[in-house]
Every structure is written in C-alpha cells, then in structure tokens.
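Visitor: I am new to this structure and would like a close look at one part of it, with some background to place that part.

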Amino acid sequence: MKPCIDRIYGSEFTAQEISDAVRDGRLLSMEIEFNQSCNFKCLYCYALDRAKRPEELTQDEFIGVINQARELGARKIIILGGEPMLYPHIMEMIGHIKSLDMEIELFTNGTNITPAVAQELFDNGVRAVLKMNTFDESLQDTLSGRKGSYIQIQEALKNLKLAGYPSLENPLGVSSIICQQNIHELPRLWQWLRDQNILPYFEIMTPQGGAREHNMLELDSRTLEVFFQEISEIDKIKYDIHWDPKPPLVGGECLRHQYSCAVNSEGFVQSCVGITIPLGNLRQQSLKEILRDSEVVQDLKNYRETIKGPCGECASLETCYGCRGTAYQLTGDYLASDPLCWKNIDRRDEIMFLPVDVAHVIPHKPPMLLIDRLLEVKERASVSEMTVRADMIFVDENGHLDDASYPEIISQAVAAQEGFRRFGGRNPLVEGFLLGIKNLEIFGDSYVGDTLRISLYKKAKFGDFGILSGEVYKGEELIARGEIKVWQSDTTGVA
C-alpha cells in the first residue's frame, strides 16, 4: 500500500521537520510573486484587477528576499503570479534560487514555454506545474478568460514532455480548480494524469477575487465531499494510493502556515494568498522580523490551541485545519472553522462571522458596555463600532458623550479584539488589566445617535505588557486618540 506522499505541496517535508521548524521559528518553503501581470483573465483568479501596476520590487530586492528566506531555513521557493513566465528576469531568478541549493516549483499557464525554455527549466531542476482545468477547449478558454488558452496549455505540455518531464528528479504537475463546470470530467482528468506520472493538483477554489464574484462556479459542500471520496476510491483501487479526503486539496493537506509564507510583488508578506492580511512589508522590515512579530503567524503555528469551533474539535486536527483562506474570506476570522468543509455542514451555526456583537466576547454589561460591534480583525489591529446611546453612563442630560469615556471606549476595543481572537479556542479566558493611558487628545464632540468607529493598533509588546494606539472617528473626522498600556496573561505560550 502506498500512502499519498507524491502530492506537490509539502510532501517533501516530514512531520518532524515541520515540528522543528515551528519550534525554531524557521521556514521550509516560501511562495513568491515576482509580477502581477498576466495574459489570462481567469474567472476564478484571486486577483480581480491585473491592469493596475503596483510598485513592484526590483530584481535586487527580490534576490534579497530569497536570501532572507534561505537564511531562515527555506529549502524550496514556490513561484506564483501573475504569470511568472512574463516576468522579464524569471530565468535569472531561477538561476539565483538554484545557486542557493533550493528547490524550485513554478506555477504557469504555459506562456512562453517554448521547447528551448522547457529544456532550460528542466536543466535547472524546476518542478513545473501547468494550469489546466479541463479537456474541453471551449470551457478552458472560458475559465481562462482568453481565447486560445487551451491550445497554449497543450503546446506547453508537449514541450515540457519533450524536455524530459516528468522524471524522478523533475516532477511535472497539473493544477486544476474544482468548479461546477468541470467536476464531472475531473475523475477522468485525474486518471489521465496519474497514468502519465503527472501529479494532479486539484483544489477547492478559495472564495475570493473572481471566484467570489462568479458564483456560478461554486459547488456545495456535500457535492465536494462526494467528489473527494470518488477520487480517493480511484486512487486506492487503481493506483494503490491511500489518503483520507479532506479539504481543500484532493489527495493532500494544507498545513503551509506551519512552515511557509507568501510574498507578493510589492513586498507585502502574508501567511498565504488566501489570508489577505498584510503582515508587514519587506521594504520596512526584514522577513525574520515580520514573521517573528506577527500575531497571525503565531496564532496559526499554535493552531491546536487557537482554531475555533468544530475544526478545533475535529479528530483530524493533527493533519487538517480546513482551508484557512476560505475561513478568513467567508468569516473575516483566520482562526474560524472552515464553513465549506463537509464535516461542518450541521455545525455552521457554531461558526462566528464578523461583524460580531461584542457582548459575545467581552465581559462588560450595560450601562458600562459601550462598544457594539467588532467589524474587522487584522494583524495586531482591529476596527470596532458603537452608537452613542442616551442610557450610557458617560452621556449627560444634553446627550453629549463625556471626554472621560474615550479611555474606556479604547479599552473596550482592546478587550473586544483580544476576546474575539481567543473566543472558541482552547484557552478562551484571559486575564488582563488596563495600566494607564497617555497622550490622550480630544478633537471633537459626539452626541446621542452618532456612530463612532474605533481603530486599534498594537504598537509594541514586551512580555505580558502591550502598548496599543486607539483612534476614534465620527465618519471621517478623528475626534479622539490615545495610547493605552495593558497587562495580559499569556496562557497559550504564544509570544
């Protein structure tokens, strides 16, 4: 019996290597996007607008990023896009990565994969992954948003095979999204790829960008469950490959947040392309500093304690925590249970979605409860909202909100942010105290009926002590701001 160890993502790292990387704060791989330009307009692409050209990193800056990843222990670079074969320095970057003795995996739609280029990729040991969703030429062109895409993909596949792909040293993969339009033929495509020793990399679409906009692509969770089980049976019976169906990868698992990260063409670091929370920018901080200081990274590495709801109680938690990108895109919370996992179909009422009533996550009660809703939770930051009510203890007989309320408003925003992060996890209760407020400035007035937005950012943390900056807005008008110092017991061991 063969286990499913020949999937593309993460199969080269053992459980012990991943555990060691988590313990030591090291990387095993890094995803990187050299450019956002693409000649396809795939309906399901996570980036809706490729026409906007951001200030992308220079070639030297990209080299510096890769060097930093190598110093952090990364053994593999996964090249995404945009379409990487449109990046003018792609071969120089591949050469640099190879010079560092790192593995290279390249996802491409087949652009510019001429016989000569295919041979160069093979000679450089690049693991090529070709994007192909269907045998149907018309459907492939439709999903790619470009007429002629099917022919281009088939030509690239032919050239890659002529260059020697797939081989033991140079695997070849095909990446396919699972959607309503192609699911009926994917079992045949899976077997066609297996029979040629091409690695099938089939994945549930993350509901972001184009996939969310074009909802005619969507599939319900039960249909996905049946499909995953069908492919599992095919692998077991026909290829003696055994694996347990779990989202989001067919025949694989995604625990990338334990040992990887993603860097986009502008230098922003994310946990993955699905969790669209910028952790920092490499033009301002080193990769080591960004990953070390990120609460998102630490939360996900400590997922056994922090994942909420049904996923946190699942028997498969050691090898699966659903799709973190899907959880974030649908709930606003990267620690929420995956709403699309078929195991959660009957427990979706236990999954919390932002915005949320803060009465669920902080101990305050009326009339001391001032904050109404938590709207967003980001990296060391959050946005809350409140409406000034006449029954609040800080409101006078003229309906004016007293200036003395703003330290309490900012403090409750802190409590809401931290309470939400821990709500539903293994350690939901945390002890904390407000130690003081400084630099409080009041710029305007607020009255009964006004809606206030509280923007919070954690500026620094020293052990159990934190300094947070809060700003209170009425519409676009900043009416108060200040810094508060808090003490909070850290029962999870997360720094």
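Visitor: How many helices and strands are there in the protein? After that, please turn to helix 7: which of its residues are buried, and what do they pack against?

Guide: The model is a predicted one. It has 15 helices and 18 strands. The radius of gyration is 25 Å, close to the 23 Å that the globule rule gives for 495 residues, so the protein is as compact as a globular protein of that length. Along the principal axes, its C-alpha atoms fill a box of roughly 80 × 50 × 45 Å. Of the 495 residues, 56% are buried. The protein exposes about 20900 Å², and 52% of that area comes from carbon and sulfur atoms.

Now to the helix itself. Helix 7 spans residues 186-195, and its buried residues are Leu186, Pro187, Leu189, Trp190, Leu193 and Arg194. These residues lie on the same side of helix 7, because they cover an arc of only 160 degrees around its axis. What they pack against is a mix of strands and a helix: strand 6 (172-178), strand 7 (199-204), strand 8 (241-242) and helix 9. After the end of helix 7 comes Asn197, which has a positive phi, near 60 degrees.

Two of these packing partners lead on to the protein's interior. The largest nonpolar core has 82 residues, and Ile178 is among those with the most contacts inside it, together with Ile32, Ile79 and Leu287. Ile178 falls within the range of strand 6, residues 172-178, one of the elements that helix 7 packs against. Helix 9, residues 221-239, gives the most to this core, with six residues. A second core, separate from that one, has 33 residues, including Val361, Met386, Ile409 and Leu456.

Leu287 shows what such a core residue touches. Apart from its neighbours within four places in sequence, Leu287 is in contact with Leu27, Met30, Gln68, Ala69, Leu72, Cys261, Val269 and Leu282. Contacts between residues far apart in sequence are also counted for the whole protein: of the contacts with a separation of 6 or more, 69% join residues 24 or more positions apart.

Ile79 leads to another element. Strand 3 covers residues 76-80, and four bridges join it to strand 4, with the two running parallel. Ile78 stands opposite Glu105 in strand 4. Strand 4, residues 103-108, is largely enclosed by the rest of the structure, because five of its six residues are buried.

Methods:
Residues are numbered from 1 along each chain as its sequence is written. This is a predicted model: local features need pLDDT of at least 70, side-chain atom pairs count only at pLDDT 80 or more; totals for chains, interfaces and linings use all residues. Side-chain values use heavy atoms; hydrogens and water are left out. A nonpolar core is a set of buried Ala, Val, Leu, Ile, Met, Phe, Trp, Tyr and Cys residues joined through side-chain atoms within 4.5 Å. Buried means under 20% relative accessible area, exposed over 50%, partly exposed in between (1.4 Å probe, protein chains only). Contact means heavy atoms within 4.5 Å. The arc is that of the directions from the helix axis to the C-beta atoms. The radius of gyration is taken over C-alpha atoms; the globule rule is 2.2 Å times the number of residues to the power 0.38. Accessible areas come from the Shrake-Rupley method with a 1.4 Å probe; for residues, only the protein chains shown count as cover. Two strands pair if DSSP finds at least two bridges between them.
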